Every structure is written in structure tokens, then in C-alpha cells.
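Here are a few exercises to work through with the model open. Try each one yourself before you read the solution.

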Amino acid sequence: MLHDRRPKWFYLISLFTVFSTGVYLYYYPNPTSVDNNSSYHPLVTQADDIRAEPTRAGYFVYSNACKISELPVRNERLEHYFEPESFESCRGWNDGKPRLVGSNRTFLFIIKSALPYYVGNSTGSIQCNYRAFTWKYEQGSNKYGTMRTMYSRKVPLTSPVQILSDEFIRVDCSLDKVEVYTDFFSFVPEPTPVSDPQSRDPQSRVPQSDLPVPRPPDPPEPEYSVLVVGIDAVSRQNFLRQMSRTYKYLDTHYELVDMRGYNKIGDNTFPNLVAALTGMSEKELEQTCYPTPESTFDDCPFLWKNFSAAGFKTLYAEDSFGMSTFNYFKSGFAKSPTDTFYNIFSKESEAVIGNTKILNAHLCMGSQLIFKTVLEYALKYTSALRNYFYFAFVWTSSLTHDYLNLPRLGDSILQKFVKNLNKNGHLNRTILILTSDHGLRWGDFRETYQGHLEERLPFLFFIMPQTFKTKYRVAYSNLLYNQHRLTTPYDLHETFKDLIDVSSLKDELLRQDRGPDKDNIPRGISLFRNIPDTRGCHQAGIPAHYCTCHNKLIRTSLESPTVRELSQTLVSHINEVLLKNLTDKCHQLKVHKILSAQYEQSIFSMSSKTGNWTQRDYTISIVTVPGLAIFESTMRYDLILDTKDIVGDVSRLNVYANQSRCVDQARLKLYCYCR
């Protein structure tokens, strides 16, 4: 028998190792031995403490399924793209004369100091009238429905007039029967108090004796208002570039939550707002409630209906009516979709005194930036509803839709807007969400690789009340952690749903929530909950063409036979779309020039047998003739089957202007060069 001659210290170390391993496994079990959620961060099961950011230097997102490189805000190589635009203000309106009529939250009045600018040497006097207006739905001159303005009778404006019940006012002033001044004003009447809280439910007005079953319990009382301010076509990086003062102010004073991995899911505003407001893709919306382009959206399940049913007041406000989300080659709404609906004000004021239309949108309403006008309205709304809870969705395109460097003109305006919200105490019980739908979709900068990525990465910021941070600690911790996860408008939709009833975000409930199985990750996940690091673009509902989770992009020769074949496939696809829908209106396009080509291996394309890649995703941009349109597409090339398929949408990178004047469908306008 052999004697064990190992020293005692060996046994002590071995015993300590076994003991330590047991303690570690007890407190930090292997998630795969418990459930299938190994991809989830540990906030809901470990502690309430705010964890370190799940990323590494040089990346917006660095997870198992997605890596998004951090993009520079300024760069010497790109600096020439960021020269300020020539436009500075709206002061040229009305020969530079000051506004003759003014308003505050409840009164309309003549500004007497401005009278000499309009009277001049005349011996006459200024006569002003005002009239309220609203709208009704009617069939437009084309196949789409529209909002028709309905005016009330004119009323003389001789002294300050209190506006109690009207929302939108037009003022006309004349001198010696010659019109010299027109202006528009918006008001937000305070809601009429409701003595019976059940009256918000139309069914509750039925006598109790006529109800076959007891009325269900009321929904939980709201705790926070939700104010969403959307600024069209601004990437996160361009927000930092153009609105640096606002970003610094938010980050310094409000513990800004900045979703760096927020990725668009569709080409333009419509699919991205549909995803945020309904949780649906554009195709799903068509199948559910929007069967034809001429249909209205009244029957669609917009989230403001859920907020309204839960006792919130609701607002939808959008400027730039001519290209507004639900009216641009669409029929909009036949009835007001929300308690307060601003869009008729945009339509009428821009039609009458809109000016400085540089490309697609008027920048000015009279002598004031429309961007400022719509934010001032939002501030009026929050003040008028200070004793109510509300869901307000405000969207502005006028300043930012067309030019990379115009947003800087709104920097101080947006900063002042947030300051006033805070000064008036609204941010104590209001969740402020600032967001965009995508970055700028055309122009010289868009043709660069950084512009390509920025177009897919809009900004999404949260300002949370202090009480939320302390009362819903785990939810807030998750929100902070998810700043460096891949996120989408579908996730924003789920986040809105959680804010209808924040009691679902109680700490004890989130600690018990293990999340979905890793093999069944939902497309939309609330930002207050765990987003797994195994969720990539496919699971998140992001088409490959818009996915920014790149492994390694490889530039390839423009003379490559594969690239040339893919270019021909792309232009053939565009021509097929045109022939199918517009047989004789548009020219057939040809490839004039290949601008760029690069590829990466598809994350789904490794052969389990050989370990070799079987597919490549090429991103190609081409110039076509006639018209010199620039198109970009992601195309999947199967190396085994030798097939070439378009993945997702085809993007247009330059402005079509009047080239597609013969077309009245938004998508086809991108492709058509009219005969």
C-alpha cells in the first residue's frame, strides 16, 4: 500500500477551492442550468443597483449578436459636409415688419407698438377681425381624402379678447379696406372637469339596470404623463453635432438616457412611426386596418386609444402638413384621432402664410420658425393640462427634413422648451421622450459610409422624473442598461404600453420576470425590461438593408463580375416595380455607374457541415439613367445556388424633385422618371 506523502497545505488549498466553487455556484448559478435566459443581463435577479454599461470603448453596442461601432461627431475628413446653411431667420416676411397681433396662453391682442409700421402716412385706422376654424373630412381633388377647413363668422378684434373654447384662430387686419396683415394663433382650452370619472367610458353612460353584467373595474389611475417630441430625419450623431447645446444641457441637468443602439426598421417616417404607435410593420398595418392607400387610419390600433381608455388626455400634433405622416399621398383620419388634434392648424397656416420653402417644407409661418411654433403649442398644452395626465405625441419636420445642417437653428429653441417644461414643474410627473425616425436620407453626406450608418441610427432620449427613478428602481436600471443594446421602434411601442400602467414595473414584479426563452425572443421588448444580448437584427424586426450590426465590411472591386450582375439585378427589380404599377408613365432605367460595393457575411449563412460561408450580403449603390438617380440596396448572394435577391427596401439617396411628377404613390415616386 502506497502512503500519501502530499503535504497538509495541499489539502487545505483543495478544501478551500471546493468550498469557494460551491459558494460561487450557489450565488451565481449557470443560467443554462436553470432556464434558457443566459442572454439576459442580471438586473432583475441580482440587485437593484445600476450596473455598468454593457459595452466597450469604441462601440455603441457590443453584444453577442450585434456590434455597432461608435461614430465620430466631428471628423476632419467629413468636416466640409457640416458647413452652416445660408438661411438664418424668417425676418424677411411682410417686408420685415413686426407682428401686429400677439397672444399668450388665453388672450389675443393687438400689439400697439407695431401699429406705426402698418399705418405709415395713412390717415386711416387698422381694422382687425378674428375667426375660429376647425375641420371636416372630405374627398380631395385626387383619390385621397383630406381635411377641409371650416371657418366661423368674423369677430372684431378691438381689445384683448379671452379665448375660452376655440383652439385655432385666424386674424386678418386691413387699412382703408386693403388687407395688410394675416396671422394664425393656437390655443389649448382647459378640459372641462368630469364629475363622474367613469364617464370616460362610453359604456358607462348606459343605465346600470340595462347592463347584463357588472361593469369591469376601472383601470389603474395614471401616475405619469408622457410627452413625445419627435424631430424628423435627425441621427443621434447629427443631434450632437447640430443641437450640441441642448444635448449638453440635457446630459448635465437631467441624467439623460441616450439609446445609442436605436435602429430604424423602415425607410421613411411612416413605417417607423407605425411601428412605434401600433407595434406593427407597414405590411401588418395594411392587413389589419389599412387595405388600400385611399383608406383612412381611423380603425387602426394606435396607442393613443389605449392611453385614452386608461384615463389619459391625448394629443397628436404634426407640422408640415403637405408631407405629414398620415396625409402624404394618404387619406389621413376622417375623425379626430385624439382628444386634441393640431394638424388642421398646420394645414391652414402653412397654406396661407407659410413661406421660405427651400425644398419640401416651409420653414416659416409668417415671421416665426414653424419649429418654434409647434414647440410653443406643446408648451401651452402641458400648461393647460397641468391638472391632468396626458399622452402627447408631437412631431416636427419643417426644419430638419431636407437639410443636414438646418437643425442647428432649432438648438436654442429646443433647449428653451425643455427649460420651460422644468421651470413650470411639468418634468416632475411627465416622462419626456425626444426621438427621431431616421437620419437624413439623401444628399452628399448620405453617400458616405458614415452617412449610410447615421441614416439608420436616429436619436432616442429619455428624461425620467426623479420619483420614477426611486420608485421603479429596477425598471430604471434596465433602461440605463439598454442604452447599449440594439433597440427599435417596436421596443418603443412596448415601452409606451408599460407607461399606460406603470404598476406593472414594480421592482418585485420585474425581479420575478425571467423574460422569454432565448429561442423565442419577441420582436418588441419594453426598454424597462431585459433586452437579451443574443437579439440581433433579424429577431428585432430590422430588415438586413437597415441593419447596422456589422461584423466586418469588405470593399470589393466595382469591376467584379458579381458586382456588375448585382447592379443589373437591382435596376431590373426597379423596372419590374415600375412596369407592374405604372406601365406607361415612367422610363425604363439603366445602370449608368456603380458608385460603391461592399459585403459582409450573413449571420445566418454558415454551413453546419463545412463551416464555410454560403451567403454574402452586398450593399451596392448605383446611378441610373435617365435622371441620374442614386439608389442603394442590400442584396443577398447565395454562393451555392448562385441566386441574387433584394433584401428589404431600395433606398434613394438623392432628391427626385419634379422627376416623378406623374406619380401619386409615395414609394413609386422614389423610382420613377416620368416620360
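**Exercise 1.** Which residues of α16 are buried?

Solution. Keep in mind that this is a predicted model. Start with the helix itself: α16 covers residues 489-500, twelve in total, and spans 17 Å from first to last C-alpha, close to the 16 Å expected at 1.5 Å a residue. Next, go through the residues using the cut-off for buried, under 20% relative accessible area. You should end up with Pro-489, Tyr-490, Asp-491, Leu-492, His-493, Thr-495, Phe-496, Asp-498, Leu-499 and Ile-500. That's ten of the twelve, so to speak a mostly covered helix. Finally, look at the N-terminal end, where Thr-488 acts as a cap: one of its side-chain oxygens is 3.0 Å from the backbone nitrogen of Tyr-490.

**Exercise 2.** Classify the ring pair Phe-297 and Phe-326: what is its geometry?

Solution. The model has 49 aromatic pairs, and this is one of them. A pair like this is described by the distance of the centres and the angle of the planes. Here the centres are 5.1 Å apart and the planes meet at 65 degrees; angles over 60 count as edge-to-face, so that's your label. Now place the rings: Phe-297 is in the loop between α8 and α9, while Phe-326 is in the loop between β13 and β14, 29 residues apart. Both Phe-297 and Phe-326 are buried. They also belong to a cluster linked by ring pairs, whose members include Trp-135, Tyr-316 and Trp-395.

**Exercise 3.** Now take Tyr-342 and Tyr-377: which parts of the chain does this pair tie together?

Solution. Geometry first: the ring centres lie 4.5 Å apart with planes at 45 degrees, so call the pair tilted. Then the locations: Tyr-342 sits in the loop between β14 and α10, and Tyr-377 in helix α11, so the pair joins parts 35 residues apart in sequence. Check burial last: Tyr-342 has 2% relative accessibility and counts as buried, and Tyr-377, at 1%, is buried too.

**Exercise 4.** Find the strands that pair with β4: which are they, and in what sense do they pair?

Solution. Take β3 to begin with. Strands β3 (101-103) and β4 (107-110) pair antiparallel over three bridges, with Gly-102 opposite Phe-109. Three residues separate β3 from β4, and the two form a hairpin. Then turn to β8 (161-162), which pairs with β4 over two bridges, again antiparallel. Here Phe-107 has Gln-162 as its bridge partner.

**Exercise 5.** Which lysine lies over the face of Phe-187?

Solution. Look for a charged end above the ring, and you'll land on Lys-380, 5.2 Å from the ring centre. Try Tyr-249 as well: the charged end of Lys-419 sits over that ring, 5.4 Å from its centre.

Terms used:
Residues numbered from 1 in each chain as written. Predicted model: local features only at pLDDT ≥ 70, side-chain atom pairs only at ≥ 80, totals over all residues. Heavy atoms only, no water. Helix = DSSP H or I, 4+ residues; strand = E, 2+ residues; numbered from the N terminus. Expected span 1.5 Å × (residues − 1). Buried < 20%, exposed > 50% of the residue type's maximum accessible area, 1.4 Å probe, protein only. Polar contact = N/O pair within 3.5 Å; in protein donor to acceptor, adjacent residues only side chain to side chain. Phe/Tyr/Trp six-rings, centres within 6.5 Å; stacked < 30°, edge-to-face > 60°. Lys NZ or Arg CZ within 6 Å of the ring centre and 35° of its normal. Pairing = 2+ DSSP bridges.
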